[in-house]
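Q: Could you walk me through this model? I would like to take it a piece at a time.

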Amino acid sequence: MTPLTFSLRKAPDQRLDLSPLIERNLAGKTVAEIERIEVGTTRIRVAAGDVFRIREGDPDTIVIEGGSARFDRVGLGMTSGSIRVEGEVGVEAGRMMSGGQLTIRGDAGPFAGSGMRGGTLDIEGDAGERLGGPLSGETVGMSGGLLHVRGDAGPRAGDRLRRGFILIEGRAGAYAGSRMIAGTLAIGGQAADLPGYLMGRGTILLGRGATLFSPSFGDCGEHDLVAAQLLANYVAQASAKLARLLRRPLRRLAGDLAALGKGEILLPHAQ
Amino acid sequence: MPELTVNGIAIDDTFAEAFDMRATAIVITAATERWAAQAAETMTGFATSVIGCGCEAAAESVRSPQQTPDGRPGVRVLLFAVSTAELQKQLQNRVGQCVLTSPGSACYAGLDSGEDKLKLGDAIRFFGDGWQIAKRLGARRYWRVPVMDGEFVCESTTYLTKKAVGGGNLIVMGESSAKTLAATEAAVKAMHEVADVIMPFPGGIARSGSKVGSKYNGASASTNDLYCPTLKGAVDSALSPEIASVLEIVIDGLTSEAVAQAMRAGLAAIIELGPERGALRVGAGNYGGKLGRHHYHLKDLVR
């Protein structure tokens with residue numbers, strides 16, 4: 001199956017809103033029609049054909065060749081199919097997606113996977129702040145699906161996470177898992193200050209601890225948890241490294257006791 | 001009645017009559033197979049007959065660590081009841097009292113599909129008194145209930161099948177108690193190799209087969225006097241003079257085909273053991289064919 005391919009002609013002169021470039025919008029359209037889709041965000045009008053050289057293909061498989069930190073809202077609201085970006089993207093990649101597979105072969109800006117409800121978002125580089133988190137005025141962040149970051153994540157990764165999995169192979173910025181409602185956030189490297197800040201429920205795995213823990217987490221001691229084996233088996237489908245951390249004895253910190261306090265931070269036994 | 005003789009064993013020209021039932025399955029795991037089996041045995045100890053126990057239940061098979069969700073040894077248990085409501089009640093009472101309480105146990109759905117769902121962890125979670133934690137992993141949801149040796153992990157629901165069959169049976173007759181028991185044990189052992197069936201009576205064997213009704217008010221079933229060897233001369237006995245002992249195997253299966261397969265395996269084992277060491281005759285129990293929809297003719301099962 002030949003993918004529908006968008007090749008970047010030159011670095012864009014303005015931020016682009018690429019949210020129209022999803023399967024639901026492109027199915028049944030000719031290349032000429034797709035070229036006329038507006039993607040600009042300023043008073044200077046920009047159409048897809050101005051930015052990209054478009055090669056005909058199946059809109060169920062979209063490839064964007066050449067990335068830019070100005071590529072905003074890639075895959076916003078996508079429900080099926082796959083989109084692969086061969087480079088970096090800007091803000092809100094995969095926001096509100098509910099199905100399909102979005103792959104970013106570079107870094108992603110802030111709010112990647114914001115409010116996503118399903119599907120898989122794979123970021124092969126680093127992610128900006130508030131990974132999966134809600135925008136201002138929204139009460140709930142990510143509520144389903146799998147968000148996998150191969151590199152590091154910025155501050156407040158998993159803010160208001162409600163359900164689903166966020167896997168970060170590298171390090172995470174301050175306040176990882178802040179205000180978590182539930183769900184699972186696994187961080188392979190070290191977290192910066194105050195992970196789980198005001199979390200109510202949910203699980204945060206910290207492969208290499210944190211630079212500072214909140215005193216409002218209670219140490220529940222080290223345990224071999226059956227539930228961790230179930231988590232490990234599930235996580236292993238995406239990350240063998242994070243799954244291995246879950247197969248060790250885990251120190252359980254209960255919290256945030258300054259909020260509901262039914263969440264947990266799990267710290268693998270040092271090897 | 002016997003018309004067919006195979007390897008010196010008379011096979012009655014009759015059939016086992018069985019009924020539609022509701023059934024479910026769970027997988028119990030623990031740190032060791034011994035403790036998984038212990039939990040399974042405890043929850044199914046008093047589950048021989050729906051008449052007095054509310055359900056019929058037993059361990060169906062042992063699961064290796066590779067076959068269980070948490071990578072620990074496990075045992076699959078099947079439960080059968082006459083209604084969905086009764087099955088739900090029996091499941092939650094038995095898991096709550098016998099599996100939750102067993103050291104190191106965890107409990108998972110043992111059926112991956114079915115016509116309906118039953119509450120499993122969803123019914124047990126309240127034991128956590130607010131400290132229970134739910135964790136959704138893909139399509140499955142688990143409860144983690146804090147207990148004194150750690151956590152009791154229990155899948156939220158399991159499936160229910162309405163295609164289950166209860167009451168498949170073989171009646172094994174021999175010239176002595178020891179030989180009859182040897183033949184029946186051989187049959188039960190062979191039946192355990194068949195998937196999706198249980199033999200709910202003690203060790204898979206019932207010695208007090210019953211008939212419907214009683215001379216006493218309030219008793220729905222009473223001793224099957226036609227098959228009691230000590231009454232041979234007093235009633236219109238179904239037993240010939242050389243029969244001195246009769247045992248019954250009752251089989252419940254998740255499907256009718258599983259019940260037939262188990263009866264086939266049991267008959268083959270009895271026939272292979274032969275009349276010198278085992279049974280002289282095999283029959284089956286029925287109610288004239290009017291009560292149960294499933295009929296298993298012995299002559300079809302020995303071919």
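Q: Before the details, how many of the ten residues of helix α4 of chain A are buried?
A: Nine of the ten residues of helix α4 (residues 226–235) of chain A are buried, so the helix is mostly covered, where buried means that 20 or more other C-beta atoms lie within 10 Å of a residue's own, exposed means 12 or fewer, partly exposed is in between, and C-beta atoms are placed from the backbone. Helices (H or I, at least four residues) and strands (E, at least two) are DSSP runs, numbered from the N terminus. Please keep in mind that this is a predicted model, in which local features need pLDDT of at least 70, side-chain atom pairs count only at pLDDT 80 or more, and totals for chains, interfaces and linings use all residues. Residues are numbered from 1 along each chain as its sequence is written, while chains are lettered from A and ligands numbered from 1 in the order in which they are written.

Q: And which residues of α4(A) are the buried ones?
A: They include A:Val226, A:Gln229, A:Leu230, A:Tyr234 and A:Val235.

Q: Switching to the two chains, how many residues of chain B are in contact with chain A?
A: 14 residues of chain B are in contact with nine residues of chain A, contact meaning that the C-beta atoms of two residues, placed from the backbone, lie within 7 Å. On the chain B side, β8 (133–137), β9 (140–147) and β10 (150–155) each supply at least two residues, and the largest share, four residues, comes from β8(B).

Q: What classes do the residues on that side of chain B fall into?
A: There are six nonpolar, three polar and five charged residues on the side of chain B that touches chain A; here Ala, Val, Leu, Ile, Met, Phe, Trp, Tyr, Cys and Pro count as nonpolar, Asp, Glu, Lys and Arg as charged, and the others, Gly among them, as polar.

Q: Okay, what are the domains of chain B?
A: The domain assignment gives domain 1 (2–18 + 164–301) and domain 2 (22–161), with bounds that come from an automatic or database domain assignment. The C-alpha centres of these two domains of chain B lie 30 Å apart, and their contact takes eleven residues from domain 1 and 13 residues from domain 2.

Q: Which residues touch the most other members of the largest nonpolar core?
A: B:Ile28, B:Val172 and B:Ile270 do, in a core of 172 residues, a nonpolar core being a set of buried Ala, Val, Leu, Ile, Met, Phe, Trp, Tyr and Cys residues joined through C-beta atoms within 7 Å. The largest share of this core, eleven residues, comes from α6(B).

Q: Why does this core lie between domain 1 and domain 2 of chain B?
A: Because domain 1 and domain 2 of chain B both give residues to this core.

Q: Going back to B:Ile270, what is it in contact with, leaving aside neighbours within four places in sequence?
A: Among its contacts are B:Ile9, B:Val172, B:Ala183 and B:Val282.

Q: New topic: where is A:Gly218, and is it buried or partly exposed?
A: A:Gly218 lies in strand β13 (residues 218–223) of chain A, and A:Gly218 counts as partly exposed because it has 13 C-beta neighbours inside 10 Å. Leaving aside neighbours within four places in sequence, A:Gly218 is in contact with A:Leu253, A:Ala254, A:Gly255 and A:Leu257.

Q: What joins A:Gly255 and A:Asp256?
A: A cis peptide bond joins them, with omega about 0 degrees, and A:Asp256 is found in the loop between β14 (250–255) and β15 (263–268) of chain A.
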